Amino acid sequence: MKFNADHSNRRTLTFPVVKPCESISYSTLINSLISLCSTISTFNSRAVLFTSNKRNAKNALRFIGLLGVFLEEIKDGDFKGKSVISPLCDIHVVLQEILGLFHDLTRRDARAWVLLRSEDVAGRFRAGFGLMVGAVARIPEVVFGGCDVEVRECVDFLTRQVKRVGFGVESGDVWALGVVGSTLGRFERRVIPDPSELRRVMGYLDIKTWSECDDQVRFLENENGLFESGLESTMRLLGLMAYCRCVLFDHIDGNNINNNRKIEENKCEYVSICESLKLDDFKCPISLEVMVDPVTISTGHTYDRSSILKWFKSGNPVCPKTGQKVQSLDLVPNVAIKSLIKQYCLENGVPLPSVKAKYNTKNGANDVGSLVVTEIMKMVAGFLSIKLALGTMAEKSKAVYEIRLLTKRSTLSRVCFVECGVIPYLLNLILAKDSTTQENSMAALLNLSKHSESRPIIVNNGGLGLVVGVLRNGVKIEARHHASAVLFYLSSVEEYRRLIGSHPDAIPSLVELIRVGGGQGRKNALAAVFSLLMLPSNHCRVLEGRLVPLLITLLGSQNSTDDLIVDSLAVLSALAEKHEGAKAILRTKAVDTIVKVLCSSSSESSRLRGEHCTALLLALCVNGGREVVAVLGKNTSLMGALYSLLIEGTFRATKKAKSLINILHEFSERSSIPSMPRALPHENFIHVW
């Protein structure tokens, strides 16, 4: 029997174990037990650090060593029967859990989290070794028959020691938890905590650098929302560690201020996969919501954990998709799908799914609802705003990066930083000659621009011209990407659409970014242009920027991703609603290209392409007249694609396909009539972005 535990693919402090079947051979089971003992014992010789539950871990290693001696002594036996196998199976389960505990206790990025759960960890040690002692006591006397007296005494000593030790919470952990609790209490009372006490706790956890503290924050961000119990305490600890990262450490070590680049590079592994997927691909077949915790059942199908558990508990031991009876109710975490969901959400600006939303009413742990978290973030915002105003250039650069990190996902953080008045300082720093400072300032402004109250502050402080300047001449292409996204959020305000459109460099710079930018930069720029087109006066400015030929070229390129094609079609559809836009599109002789894209949009992932293609062709017919309809009528493959949309397309695609089919049928019936209206009746179009 070979036991493989992939500890990187499970949640921290959760222990899915495999209990050996009782028909397993004695020798296979004993060898597996010895292997587990040997693996656990390596933690004694490796250069590992237990920062909490130190004494419990040390005692556990000692007891596992004694157990290993006993197992080595009885491994050559040949015993059968449930009375022998059953207690050994129970020991096997305990050893799996102990191995998982050791991996978690030695995780460098989970030190703060494990300290928070130190009482639970001690309880797991206590329960595990209690079960082990009970299992050893149930081993039949015949197994001990060939053992030396010393081995029997060793087993008796193990039993006595486990009972004596008791595995309680250690005094050091109690002290550290007390400091954490008192610090959180100070935050609640709006009192600045004593930095020296926090440094002592950081020293206790062996967190000595900014990057080590950042590891704790990132770990807690990933774990937050995954647990139904203790959610608010996790959020408080996350806030505390973010405070410590900002206040206690003067400089960013490791990859310095470009620490986030590793994350961006790691995303590239998923780009080709994520580009072919849609959000619907990540929805649970039961709840029809994006999966928070995807698990796979014995039939090979994947569901959200909470949904499939409710399904099974309601008396349905079958696969909801196939109706096939499940062989086992075990749930296997689908780490690959979970990683893809996270990657897709981050790349597409979709909020990460979290059980937090489901439990915020019961636990009062929603983002803005926790008083402690709110006060922590206010203090952090105040501290960093002072650094931006009065600090050295190095302190300002660090503060900007901290703001970028803190505002990336948190609405609460954005509110606090906007209220602290950091926007004017960030606008000054986007003029910095240092490319990293400029990029981080622009990224921080992007995050803050998602908060509606920040947009007038940006514009009223001359930010529009500064952002356009970065969009046009940013030192790094990433800074230009961020600038285009800021313009997108600013353009959500009608007044600012006019200001952006009238700026001589804004639209030309967006068009240039679509020409030379990467995937995310093009997506941001296309989104900004689409938003600007909601103001009719901007149509002529976009046409003057010669965007239409560029988009037609992208439609015909084999290197264009599905998202880029969809976004390009949406912009073209918006332009085609005006007579001048339709004429510009027709001058590029793009009809055949658009029809080709439509005919290749039959797959589930390309339904939006079909919708936008149909909307675009319909708009061209309305504003292009007889000549366009004649060209479409000669295309033999078009009708088949339109009828496919009637069956498989979205509601809007179906509506537009019907209108286009009617136009083509009407033209066919009137084709013998010499005259035809120059323009067809106008229809109000609904476009999806």
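Q: Why is Arg218 called partly exposed?
A: In this predicted model, Arg218 has a relative accessibility of 23%. Partly exposed covers the range between under 20%, which is buried, and over 50%, which is exposed. The value of 23% falls in that range, so Arg218 counts as partly exposed.

Q: What makes the pairing of Arg218 and Asp214 a salt bridge?
A: The side chains of Arg218 and Asp214 meet with 2.8 Å from N to O. The criterion is a side-chain nitrogen of Lys or Arg within 4 Å of a carboxyl oxygen of Asp or Glu, and the distance of 2.8 Å therefore satisfies it. Both residues lie in helix α9, four residues apart, about one turn of the helix.

Q: Is Asp214 buried or exposed, and how do you know?
A: Asp214 has a relative accessible area of 0%. Buried means under 20%, so Asp214 is buried.

Q: How do you know that Asp214 also forms a salt bridge with Arg245?
A: The closest N and O atoms of Asp214 and Arg245 are 2.7 Å apart. That value is within 4 Å, and the pair therefore qualifies as a salt bridge. Asp214 belongs to helix α9 and Arg245 to helix α10 (residues 231-247), so this pair ties together parts that are 31 residues apart in sequence. Asp214 and Arg245 are both buried.

Q: Which residues are joined with Asp214 into one network, and what makes it a network?
A: The network consists of Asp214, Arg218, Arg245, Lys398 and Glu402. These residues are joined by salt bridges that share partners. The structure holds 23 salt bridges.

Q: What makes Glu212 and Arg108 a pair that links distant parts of the chain?
A: Glu212 and Arg108 form a salt bridge, with 2.8 Å between the closest N and O atoms. Glu212 lies in helix α9 (residues 210-223), whereas Arg108 lies in the loop between α3 (82-105) and α4 (111-116), and 104 residues separate them. Glu212 has a relative accessible area of 16%, which is under 20%, so Glu212 is buried.

Q: Why is Leu429 called buried?
A: The relative accessible area of Leu429 is 8%. Since buried means under 20%, Leu429 is classed as buried. Leu429 is found in helix α18 (residues 423-429). Leaving aside neighbours within four places in sequence, Leu429 is in contact with Leu388, Met393, Lys396, Val400, Thr437, Gln438 and Ser441. The C-alpha atoms of Leu429 and Lys396 are separated by 8.6 Å, and these two residues are 33 residues apart along the chain.

Q: Why does Glu153 count as partly exposed?
A: Glu153 has a relative accessible area of 48%. This value is neither under 20% nor over 50%, so Glu153 is partly exposed. Glu153 is placed in helix α6. Together with Glu73, Asp76, Asp148, Glu150 and Asp156, Glu153 forms a negative surface patch. Helix α6 (residues 149-165) gives the most to that patch, with three residues.

Q: How do you know that Lys450 is partly exposed, and where does Lys450 lie?
A: The relative accessibility of Lys450 is 32%. Partly exposed lies between under 20% and over 50%, so Lys450 counts as partly exposed. Lys450 lies in the loop between α19 (435-449) and α20 (454-460). On the surface, Lys450 gathers with Lys342, Lys408 and Arg409 in a patch of positive charge.

Terms used:
Residues numbered from 1 in each chain as written. Predicted model: local features only at pLDDT ≥ 70, side-chain atom pairs only at ≥ 80, totals over all residues. Heavy atoms only, no water. Patch = residues over 30% accessible without salt bridge, like charges linked within 9 Å, V, L, I, M, F, W, Y side chains within 5 Å. Areas by Shrake-Rupley, 256 points an atom, 1.4 Å probe, with all protein chains shown as cover. Lys, Arg positive; Asp, Glu negative; His and termini not counted. Charge placed at Lys NZ, Arg CZ, Asp CG, Glu CD. Helix = DSSP H or I, 4+ residues; strand = E, 2+ residues; numbered from the N terminus. Buried < 20%, exposed > 50% of the residue type's maximum accessible area, 1.4 Å probe, protein only. Contact = heavy atoms within 4.5 Å.
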